[in-house]
Amino acid sequence: MSNLSKLPDIPNILAAKLAAANRWVVVTGSGVSAESGVPTFRDAQTGIWTKHSPEDLATSQAFEANPALVWKWYVWRRELIKKAQPNAAHRALATLAQLKPNLSLVTQNVDGLHQRAGNENVIEFHGNIWHEKCFSCDRHSTSLEKYSEQPPRCEICNGLLRPNVVWFGEAIPEEALASASLAAAQSDVFLSAGTSSLVYPAAGLAEIALQNKATIIEINTNATPLTTKTDYSLKGLATLWLPAITAHVKRSLENH
Ligand code: OAD
């Protein structure tokens, strides 16, 4: 947070609400990691992957039909993520969670960058690309062969290992769904950052918060289906708005 002078101003009424709010829910999407160089889900894919869409690769049917292709795609994604560093948005959220201990951070990202920035209790809604589980027996497993050409085998049943992420058509991990829904229902402030709010049930968390009269804020470079339902739409980069919010909360706590 060295560029404080360049950060955008928080609207006055919102500033007062943020300072007073106790229970926060922040839901992040791939827009938060975009400035770390991790392409968003709906961005055009590059290199040899241009002819495939993520929707065609991130499914159990795709893995069944061609496990090596899907595995290779995840190897490529892991390579990208490995080179990426947490950015100012990730760092601001790690600080915000320290300032507001009742903050629940829910991420749809599988890259682990929030944890690398220092957030300890992240609710991983769509799993984590660095973990594996068995496609056959579902047992969680950690493979050392994360970069091999072919999916490694399960030590228990010899099935194929797959990344432990949520694919299209699959259920959200039960515990993540339950704790995120409860936090949304109890939140004073609900902040959606860098997500297209298109994919349910993650997009439904804002609706739970809305029903419970939380202040809804969206940070996004573009309009989304959530934008018209928000109290505050902060248009622009997550790396500017999140540090601005954290700096404001920090100042207001110091002046209290
Ligand atoms: P998307 O790629 O759908 O949307 C990214 C959003 O971030 C868009 O609305 C962009 O306008 C916005 N954005 C991009 N760069 C930004 C920046 N620097 N600052 C602020 N906003 C920015 O990604 P998600 O919403 O995360 O699920 O996608 C949700 C889920 O859809 C993913 O987790 C994935 C996919 O299906 C599964 O794999 C289950």
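This is a short talk on the cores, the salt bridges and one cavity of the structure above.

Okay, hi everyone. Before anything else, keep in mind that this is a predicted model.

Let's start inside. The largest nonpolar core has 30 residues. If you want to find it on the screen, go to L18, W24, I219, L242 and I245, which have the most contacts inside that core. Who feeds into it? Helices α1 (12-20), α6 (88-99) and α10 (238-254) each give at least two residues, and so do strands β1 (24-28), β2 (103-107), β7 (189-193), β8 (215-220) and β9 (232-235). The largest share comes from α10, with seven residues.

Now zoom in on W24. What does W24 touch, once you leave aside neighbours within four places in sequence? Its contacts include L18, L96, L103, V189, I245 and V249, and also K100, N102 and S104. Apart from this core there is another one, of 19 residues, and V27, I172, A180 and A214 are among them. As a general point, nonpolar side chains in soluble globular proteins tend to be buried together.

V27 brings me to the cavities, since V27 is also one of the residues lining the second largest cavity. There are two cavities of 30 Å³ or more, and the second largest has a volume of about 60 Å³. Alongside V27, its lining includes Q108, F190, S192, T195 and L226. By type, the lining splits into six nonpolar and four polar residues, with no charged ones.

Right, salt bridges. The structure has seven. The one I'd look at is K146 with E132, at 2.9 Å from N to O. K146 sits in the loop between β5 (140-141) and β6 (161-165) while E132 is in strand β4 (127-134), so this pair ties together parts 14 residues apart in sequence. Are these two buried or exposed? Both K146 and E132 are buried.

Next, K133 pairs with D138, at 3.7 Å from N to O. Here K133 counts as buried because its relative accessibility is 15%, whereas D138, at 47%, counts as partly exposed.

Then there's K250 with E254, where the closest N and O atoms are 3.5 Å apart. These two are four residues apart in helix α10, so about one helical turn separates them. K250 is partly exposed, with a relative accessible area of 35%, and E254 is exposed, at 55%.

Last one: R78, E132 and K146 are joined into one network by salt bridges that share partners. That's me done, thanks.

Technical notes:
Residues numbered from 1 in each chain as written. Predicted model: local features only at pLDDT ≥ 70, side-chain atom pairs only at ≥ 80, totals over all residues. Heavy atoms only, no water. 1 Å grid on protein atoms, 1.4 Å probe; cavity = no way out; pocket = protein on both sides within 12 Å on 5 of 7 lines; lining within 4 Å. Points joined across faces, edges and corners; volume = space filled by probe spheres on them. Nonpolar A, V, L, I, M, F, W, Y, C, P; charged D, E, K, R; others polar. Core = buried A, V, L, I, M, F, W, Y, C linked by side-chain atoms within 4.5 Å. Buried < 20%, exposed > 50% of the residue type's maximum accessible area, 1.4 Å probe, protein only. Contact = heavy atoms within 4.5 Å. Salt bridge = Lys/Arg side-chain N within 4 Å of Asp/Glu carboxyl O.
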